[in-house]
Amino acid sequence: MTDFVEIVDVGPRDGLQSQSALLDIDTKLEFIECLIDAGVRRIEVASFVNPKRVPQMADVDELVSRLQKRKGVQYIGLVLNRRGFDRAVQSGIDQINCTTVASETFCQRNQGSSVDDMFRIIAEIVNEAQSAKQFVGVTIAASFGCPFEGEISPHRVARMARQFADLGVDEIALADTIGVAVPTDVGRLLDLVVPEVGKIPLRVHFHNTRSTGVANAFAAIQAGVRIIDASCGGVGGCPFAPGATGNVATEDILYMLERMGVETGISIEKIIATAKWLEGPLGAPVPAMVSRAGLFPPVAAA
Ligand code: MG
């Protein structure tokens, strides 16, 4: 199998936003530089949200202004509303990712808007972004289940994906925000979504809350997806989703892909080293399995 899968490292955003340790800007920049050095080419670095609700993201305007421009490297910022979009544009971020939610209750709690209102807000943002030739993608959070409403109909998610595809967005991401999906859910949802989005690239975002993250990533690849979110060390969560834990770990995904013969352009050794380094600023061990267990075959001690 020769193939390429793009890993988007979401550690500096999703990874850090629910940590009790607040990292300063210099430490965040060092984290991002380590990821670039490891070969990561798309990094989610910011969420332009109310700093009172997410203090870990309070410094993102300055953070983005201090990012090094590097050839081939794209930085992504999340926006949840109009104000966030204006801040994102002002910051000069490379790629904008609008977020909505598949369930009404979670949408109200996470975004403070109904699903229909979010669609109208995103349609307006996408329109402006397109006029400015700005990359704009959309994430549908809680695509596989909602912490308040439970099961989410895959047909509902497919309809939403179709609406965003019709807007001509640059990418559509399906997020298992609370880590409830199993691989057959992933296959079933993608079977419905793929025909709805035409040539628009699909991206998937899994949390390893119930230990199904790597299996779900595999199912997504089998279904044709070639862009996968992961976070170095497997850190992460969602401040507004009860019980949500870490993103699927970049090194755990890389281990699987390397052994499958799939290219990513990323050094697993450097990601493990970055995860180990990150334990310092976070003051806690990272949850990634591969960072704990080590690589295989083992490298002989010098
Ligand atoms: Mg997430």
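This dialogue goes through a predicted model feature by feature.

Reader: Which protein donors does the magnesium ion have?

Author: A metal site is read from the atoms that face the ion. Here the protein donors are Asp14 (OD), His205 (NE2) and His207 (NE2), at 1.9 to 2.3 Å from the magnesium ion. Their spacing in sequence is D-x190-H-x1-H. Asp14 sits in helix 1 (residues 11-17), while His207 belongs to the loop between strand 8 (202-206) and helix 9 (213-222), so this pair ties together parts that are 193 residues apart in sequence.

Reader: Are Asp14 and His207 buried or exposed?

Author: Asp14 is buried, and His207 is buried as well.

Reader: What does Gly15, in helix 1, touch?

Author: Contacts are read with sequence neighbours set aside. Not counting residues up to four places away in sequence, Gly15 touches Val10, Val235, Gly236 and Asn247. Gly15 lies in helix 1 and is buried, with a relative accessible area of 0%. For a distance across the model, take Gly15 and Thr105: they are 90 residues apart in sequence and 24 Å apart in space, C-alpha to C-alpha.

Reader: Where is Gly179, and with which residues is Gly179 in contact?

Author: Gly179 is in the loop between strand 7 (171-176) and helix 8. Leaving aside neighbours within four places in sequence, Gly179 is in contact with His207, Thr209 and Arg210. One of these, His207, is also a donor of the magnesium ion. The relative accessible area of Gly179 is 0%, so Gly179 counts as buried. Gly179 and Leu23 are 156 residues apart in sequence, and the C-alpha to C-alpha distance between them is 25 Å.

Reader: How is a pocket found, and which residues line the second largest pocket?

Author: Rolling a probe the size of a water molecule over the atoms shows where empty space is left. The second largest pocket has a volume of about 150 Å³. Its lining consists of Ser143, Phe144, Gly145, Glu151, Ile152, Pro154, Val180, Asp185, Arg188 and Leu189. By class, that lining holds five nonpolar, two polar and three charged residues. Helix 8 (residues 183-197) gives the most to the lining, with three residues.

Reader: How many residues are in the largest nonpolar core, and which have the most contacts inside it?

Author: In soluble globular proteins, nonpolar side chains tend to be buried together. In this model the largest nonpolar core has 93 residues, and Ile7, Val45, Ile140 and Ile172 have the most contacts inside it. Helix 2 (residues 25-38) supplies the largest share of this core, seven residues. With neighbours within four places in sequence left aside, Ile140 is in contact with residues including Thr100, Val157, Phe164, Ile172 and Leu174.

Reader: Which backbone angles should be checked at Lys133 and Ala142?

Author: The angle to check is phi. Lys133 has a positive phi of about 55° although it is not a glycine, and Ala142, also not a glycine, has a positive phi of about 55°. Lys133 lies in the loop between helix 6 (115-131) and strand 6 (135-141), whereas Ala142 lies in the loop between strand 6 and helix 7 (154-167). Lys133 is exposed because its relative accessible area, 78%, is over 50%. Ala142 is buried because its relative accessible area, 0%, is under 20%.

Reader: Is the peptide bond from Phe296 to Pro297 cis or trans?

Author: For a peptide bond, omega is the angle to read. The bond from Phe296 to Pro297 is cis, with omega near -5°. Pro297 is found in the segment after helix 12 (289-293).

Note on methods. Residues numbered from 1 in each chain as written. Predicted model: local features only at pLDDT ≥ 70, side-chain atom pairs only at ≥ 80, totals over all residues. Heavy atoms only, no water. Donors = N, O, S within 2.8 Å, 3.2 Å for Na, K, Ca; no water. Helix = DSSP H or I, 4+ residues; strand = E, 2+ residues; numbered from the N terminus. Buried < 20%, exposed > 50% of the residue type's maximum accessible area, 1.4 Å probe, protein only. 1 Å grid on protein atoms, 1.4 Å probe; cavity = no way out; pocket = protein on both sides within 12 Å on 5 of 7 lines; lining within 4 Å. Points joined across faces, edges and corners; volume = space filled by probe spheres on them. Nonpolar A, V, L, I, M, F, W, Y, C, P; charged D, E, K, R; others polar. Core = buried A, V, L, I, M, F, W, Y, C linked by side-chain atoms within 4.5 Å. Contact = heavy atoms within 4.5 Å.
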